[in-house]
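Let's take a walk through a protein together, one stop at a time. Keep the 3D view open and turn it as you read.

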Amino acid sequence: MSQATATRAAAYAAPAPKAPLERTTVPRRAVGPRDVLVEIRYAGICHSDIHQVHDGWHEGIYPMVPGHEITGVVTAAGAEVTRFAVGDRVGVGVIVDSCRTCEHCLAGQEQHCADGPTGTYNALDRAGEPTYGGYSTHIVVDEGYAVRIPDALSLDAAAPLLCAGITLYSPLRRWQAGPGKKVAIVGLGGLGHMGVKIAKALGAEVTVLSQSLRKKDDGLALGATHYRATSDPATFTELAGRFDLVVSTVSAPIDLGAYLRLVRVGGTLVNVGAPEEPVRLDLFSVINGNRSLAGSMIGGIAETQEMLDFCAAHGLGAEIELIRADQVNDAYDRVLAGDVRYRFVIDAATI
Ligand code: NAP
Ligand code: ZN
Ligand code: ZN
């Protein structure tokens, strides 16, 4: 692709809500003075991609090219780019722009931009053009919204860190998971397995709460000390009041009150799962024990870089199953069936 003119890139897109993804091409803008052109190597499949392709969050723009767990190599850079050079290994996550002037942008919390952050896909950019995500061969992005992939991380195992990694790293740091803290991760999927790895690396004692014991050996190998099935009512009685911090990554509506009762007095349940339906909550689960229910959305750009450097220092990548692009629809079915260990990653060379 050339640097000077707008062009088209091969991609996999859903033409309409719930439609299977199919190969197509999408526009990519000319590389502006502060832009880098990234040749995409890998794109992770996040459950958020499936929610959005299925229009489960009721805000779908079609055709939709999902993908916000992107790694690749810079192949062109605008004249004013200072942070990256051709040949650099970079990542692009969930957002590609924000206002840069509001209090949240200035605080490095671009994901909470008061003017609305620009999503990597399923969004309109600041020129009003639709954005298209990482299931593609190339993307053009402002250098301020790209991050550096440390040499110690392979580009395929690093891709899921751009969403799953930062979405767990940010709350685990904010709520001080570390030595002496008991942390439970609910749901051992793409987000959950990174939560186990990162919480363990931070020094916390980690428990996995999964629907069954099917993945117990994996959970212990990833760093958990305990692994309990939420299908067993004894889990909720025996672990009542046990945890300093519970992080729910569950993609479906669950009884959060039952999980809040596992939190110790004054502790917190952080929900990062984004189910398509609302949940009902028994408020005595927060009143009793002065517990807090919190949410957390990805992380800022600088924090995403910090997370990547942390993962590199601790040798943490995602556990991935590499697929060809034409397997993406089967991969969606498998994620929905809970049949993923623990992140599908598309090899962009097959697009
Ligand atoms: P995933 O790989 O499908 O993992 C979700 C896990 O939730 C499953 O592995 C399963 O774990 C558990 N689960 C699924 N259905 C369940 C049910 N009915 N009852 C109880 N547990 C259930 O998905 P993901 O990519 O990790 O994403 C998880 C959620 O986080 C999605 O809703 C996604 O949209 C959201 N998300 C939020 C953010 C954010 O910024 N807050 C960022 C990314 C993603 P077990 O098999 O172990 O039970
Ligand atoms: Zn995601
Ligand atoms: Zn802003």
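Start with R343: one of its polar side-chain atoms lies 2.6 Å from an oxygen atom of ligand 1. Keep in mind that you are looking at a predicted model. Ligand 1 on its own has 920 Å² of accessible area, and the protein covers 87% of that.

R343 has company here. An oxygen atom of ligand 1 sits 2.5 Å from an N or O atom in the side chain of S210. The backbone takes part as well: a polar backbone atom of G190 is 2.8 Å from an oxygen atom of ligand 1.

Now step back and take in the whole shell. There are 28 residues around ligand 1, and those that come nearest are H47, L188, S210, K215 and R343. By character, the shell residues divide into 13 nonpolar, 13 polar and 2 charged. Two helices to look for are α1 and α5 (190–202), since each supplies at least two residues of this shell. The largest share, 3 residues, comes from α1.

Where does ligand 1 lie with respect to domain 1 and domain 2? Domain 1 is made of 7–163 + 299–350, while domain 2 spans 164–295. Both domains give residues to the shell, so ligand 1 lies between them.

Next, find the zinc ion, which is ligand 2. Which residues coordinate the zinc ion? They are C46 through its SG atom, H68 through NE2 and C163 through SG, at 2.0 to 2.3 Å. Along the chain, these donors follow the spacing C-x21-H-x94-C. Within this set, C46 and H68 link distant parts of the chain, being 22 residues apart. You will find C46 in the loop between β3 (35–44) and α1 (47–53), and H68 in the loop between α1 and β4 (70–77).

Are C46 and H68 buried or exposed? A residue counts as buried when its relative accessible area is under 20%. C46 has a relative accessible area of 2%, so C46 is buried. H68 comes to 5%, and therefore H68 counts as buried too.

For a last stop, look at G223, in the loop between α6 (216–222) and β12 (226–229). With a relative accessible area of 11%, G223 is buried. Try finding V206 as well: V206 and G223 are 17 residues apart along the chain, and their C-alpha atoms are separated by 7.2 Å.

Notes. Residues numbered from 1 in each chain as written. Chains lettered and ligands numbered in written order. Predicted model: local features only at pLDDT ≥ 70, side-chain atom pairs only at ≥ 80, totals over all residues. Heavy atoms only, no water. Donors = N, O, S within 2.8 Å, 3.2 Å for Na, K, Ca; no water. Helix = DSSP H or I, 4+ residues; strand = E, 2+ residues; numbered from the N terminus. Buried < 20%, exposed > 50% of the residue type's maximum accessible area, 1.4 Å probe, protein only. Near = heavy atom within 4 Å. Polar contact = N/O pair within 3.5 Å; in protein donor to acceptor, adjacent residues only side chain to side chain. Areas by Shrake-Rupley, 256 points an atom, 1.4 Å probe, with all protein chains shown as cover. Nonpolar A, V, L, I, M, F, W, Y, C, P; charged D, E, K, R; others polar. Domains from an automatic or database assignment.
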